[in-house]
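I opened this entry to keep a record of what I looked up, going from a pair of strands to the whole chain and then to a single side chain.

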Amino acid sequence: MLAEGKDPLLVSHGYKGDKSHQMRIKSSLDDFFGGSIGHLILNAHPVTAKSGCRDREITMRTRSLSFLAFGLLGVSAVQAFSTPFGSKDSLAIEKDPSQASKRMKLYVPENGFISINPPLTRRRIGSHSTRTTHPQFLIGIQELFDKAGFACEIENPCAFKTKGEMMQLCRRPKLLGTILKETVSCSHWKRSRQQCGICLPCLIRRCSINSYGHTTFDATYSYPDISHAFMKFEVNEGKKDDIASVLEFLQLKGQKAQLLKRIRMSGRLPEKDIPKYFDLVCRQIAELEKFFRDHTDLARYLPAEEDKIDP
């Protein structure tokens with residue numbers, strides 16, 4: 001968006017430990033594009049009034065609502081208080097009563113595979129997996145926004161792209177290399193402030209960077225050796241199952257009926273988009289398989305390379 005001359009307002013949830021990374025990314029963007037990019041950073045941290053109360057909410061199950069609510073707050077603030085800046089296609093609008101009903105885009109750029117998050121195994125259904133940007137959820141929130149009278153339109157511009165394909169679209173590869181190490185993908189980040197390297201988001205991150213061809217851009221992981229982590233934690237100790245789940249999912253390569261079933265199990269999707277999601281999942285499988293062949297000793301757990309899609 002910045003490369004296209006648009007002037008977005010960035011919105012983020014500044015968790016403890018995350019805010020400093022977000023600010024460094026923002027600083028890198030400011031330096032590269034020569035200005036101060038708008039940034040709304042908030043932190044929802046509910047605490048109980050009574051000390052020692054055991055009813056404190058410690059899960060993050062409501063974060064999907066929080067993220068979109070923060071985005072809506074940003075949209076509403078820009079609509080109410082902003083004067084013209086940036087190009088005519090900017091996320092900001094003129095401070096003009098006649099423009100009050102103009103719908104403004106709230107961009108949620110998440111790769112399509114993680115958005116639908118098809119169950120890798122039969123166990124990973126329902127609330128066992130997060131689907132913050134699943135179309136079913138975004139459509140439901142959009143309906144709430146519309147009924148409440150908010151002139152805000154949610155859009156995921158990367159709904160049918162893998163994370164590797166998103167990286168290929170970047171017009172500023174040097175800048176990408178600068179900020180990538182500050183980004184966080186890991187689902188276990190909160191525990192140690194370091195990305196584990198073996199959870200599903202980390203594996204998707206690593207395979208996308210491998211697909212992009214610049215592994216030097218990557219972060220430092222707690223478990224850089226996937227093969228060793230798989231044998232230690234999943235085979236011998238039985239403590240984790242993300243790598244095994246990905247390997248099991250990869251065995252569905254070429255099985256169109258089974259892949260379509262998993263896609264539909266993720267939640268309700270527009271019927272017209274099912275073929276696009278099927279193609280997306282096939283491309284994601286290809287990225288994952290290439291990564292496992294390039295950077296692990298687990299080829300014996302992968303499908304045959306000549307497997308083709310069933311008719």
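I began with Val11, and found that its bridge partner in strand E2 is Leu40. I then followed the chain between the two strands: it leaves E1, passes through helix H1 (residues 19–33) and arrives at E2, in a β-α-β crossover that is right-handed. I noted that E1 covers residues 9–13 and E2 residues 38–42, and that the two pair in the parallel sense over five bridges. I should keep in mind throughout that this is a predicted model.

Next I turned to the protein as a whole, for which I counted 12 helices and four strands. Of its 311 residues, I found that 42% count as buried, while the accessible surface comes to about 17200 Å², with 54% of that area belonging to carbon and sulfur atoms. I also looked up how far apart in sequence the contacting residues lie: among contacts between residues at least 6 apart, 69% join residues at least 24 apart.

Last, I looked at Gln142, which lies in helix H4, a helix that spans residues 135–147. Does Gln142 count as buried or exposed? I entered Gln142 as buried, because its relative accessibility is 12% and the cut-off for buried is under 20%. Leaving aside residues up to four places away in sequence, I listed what Gln142 touches as Arg103, Cys152, Glu153 and Ile154.

Notes: Residues numbered from 1 in each chain as written. Predicted model: local features only at pLDDT ≥ 70, side-chain atom pairs only at ≥ 80, totals over all residues. Heavy atoms only, no water. Buried < 20%, exposed > 50% of the residue type's maximum accessible area, 1.4 Å probe, protein only. Contact = heavy atoms within 4.5 Å. Areas by Shrake-Rupley, 256 points an atom, 1.4 Å probe, with all protein chains shown as cover. Pairing = 2+ DSSP bridges. Right-handed = clockwise from strand over helix to strand, strands pointing away.
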